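Here is a short walk through one structure, aimed at someone meeting it for the first time. Have a look at the sequence and the model, then read on.

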Amino acid sequence: MERIWEQFKEVAMAIFPMAALIIILQYTVIGLPPELFFRFIAGVVMVGFGLFLFLVGVQIGLLPVGEMIGSTLPKTGKWSLVIGIGFILGVVVTIAEPDVRVLASQIDDVSGGDISNTVLVYSVALGVGFFVAVAMARTLFNIPLKYILVVSYGLVILLMTQVPPNFIPISFDAGGVTTGPMTVPFILALGVGVASVLRGKSSTSDSFGLVALASIGPIFAVMLLGVIYG
C-alpha cells in the first residue's frame, strides 16, 4: 500500500505543475474556448489515472518479469539463446511503446503517408531489437561500452552523409522516444537480470549501458529508411 501511495505522489508531482501552468495561462493570457479547456482538464485527469495504473503495473509486473527472464536465460549456458531472446524482446517491447506510435503517427501525417505508421514502427523496433542483442553480447563477453558507442556513432555520422536531410532529425527523435515508459523499465530489468548471474560482472554498470545502446537502434533504422526512400 505504501508503494502505491508513492506512485500516486510521483504521478501528481509529474502532472500538477503542467496542469497548474495551463490553468494560470488560461485565465491570464490564452483564453481557450470553455469546451476545449474542459477537454484539457478531462484529459489531465485521464492521463494521470492512466499513468498511475501504468507505473503500478511496471512495479508489480514488468520489472520482476524482466529481471527474472534476464536471470534465467544465462543459466541455460546457450549464449545464442540469450542474444536471440534479447533481440525478440527488444522488438516486441518497442512495438508496444506508446511514444513510438505517437511519433510514427505524426510523421505519417506530415509526410502525407509516404512514410507509413507501420513501416516506421517496425523499423524502429527492429533497430532496438538489434542493439539490445548487441548489448546482451556486450554483457556476456565483457566488451567495453565505450568501444561499441564509438563505432556505432561513427557509423551514424557516416550514414548522415548519405541520408536525405529530412530523415536526420526524424532518426534522432526516434532514438529519443524509444527510451520511454514501456521500453526502459523492461530493458533495464532484463539487463540487471542477465548481469546479476554472470560471475565477476557488475549488474549496475552492464544494465545501464544497455539502454544507451538500445537508443542507437532507431537512429540506424530510420537513416536506413532514408537511404531506401531517398
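In helix α8, the buried residues are T183, P185, F186, I187, L188, A189, L190, G191, G193, V194 and A195. Here, buried means under 20% relative accessible area, exposed means over 50%, and partly exposed is in between (1.4 Å probe, protein chains only). That makes α8 mostly covered, with 11 of its 14 residues buried. Helices are DSSP runs (H or I, at least four residues), numbered from the N terminus.

How does the length of α8 work out? The helix covers residues 183-196, and at 1.5 Å a residue its 14 residues should span 20 Å; the end C-alpha atoms are 20 Å apart, which agrees. The expected span is 1.5 Å times one less than the number of residues.

A word on ground rules: this is a predicted model, where local features need pLDDT of at least 70 and side-chain atom pairs count only at pLDDT 80 or more, while totals for chains, interfaces and linings use all residues. Residues are numbered from 1 along each chain as its sequence is written, and side-chain values use heavy atoms, with hydrogens and water left out.

Now for the aromatic rings. Rings of Phe, Tyr and Trp (its six-membered ring) pair if their centres lie within 6.5 Å; planes under 30 degrees apart count as stacked, over 60 as edge-to-face and the rest as tilted. By this rule there are 6 aromatic pairs. One of them is Y27 with F37: the ring centres are 5.8 Å apart and the planes sit at 80 degrees, so this pair is edge-to-face. Since Y27 lies in helix α1 (residues 2-30) and F37 in helix α2 (residues 34-72), the pair ties together parts that are 10 residues apart in sequence. Another pair is F131 with F220, which is stacked, at 5.5 Å centre to centre and 20 degrees between the planes. This one links distant parts of the chain, 89 residues apart: F131 is in helix α5 (residues 117-141) and F220 in helix α10 (residues 216-229).

How covered are these four residues?

| Residue | Relative accessible area | Status |
|---|---|---|
| Y27 | 63% | exposed |
| F37 | 6% | buried |
| F131 | 7% | buried |
| F220 | 14% | buried |

Y27 and F37 also belong to one aromatic cluster, together with F38 and F40.

Finally, a backbone detail. N142 has a phi near 55 degrees, a positive value in a residue other than glycine. N142 is found in the loop between α5 and α6 (145-160), and at 54% relative accessibility N142 counts as exposed.

Definitions and conventions. Helices (H or I, at least four residues) and strands (E, at least two) are DSSP runs, numbered from the N terminus.
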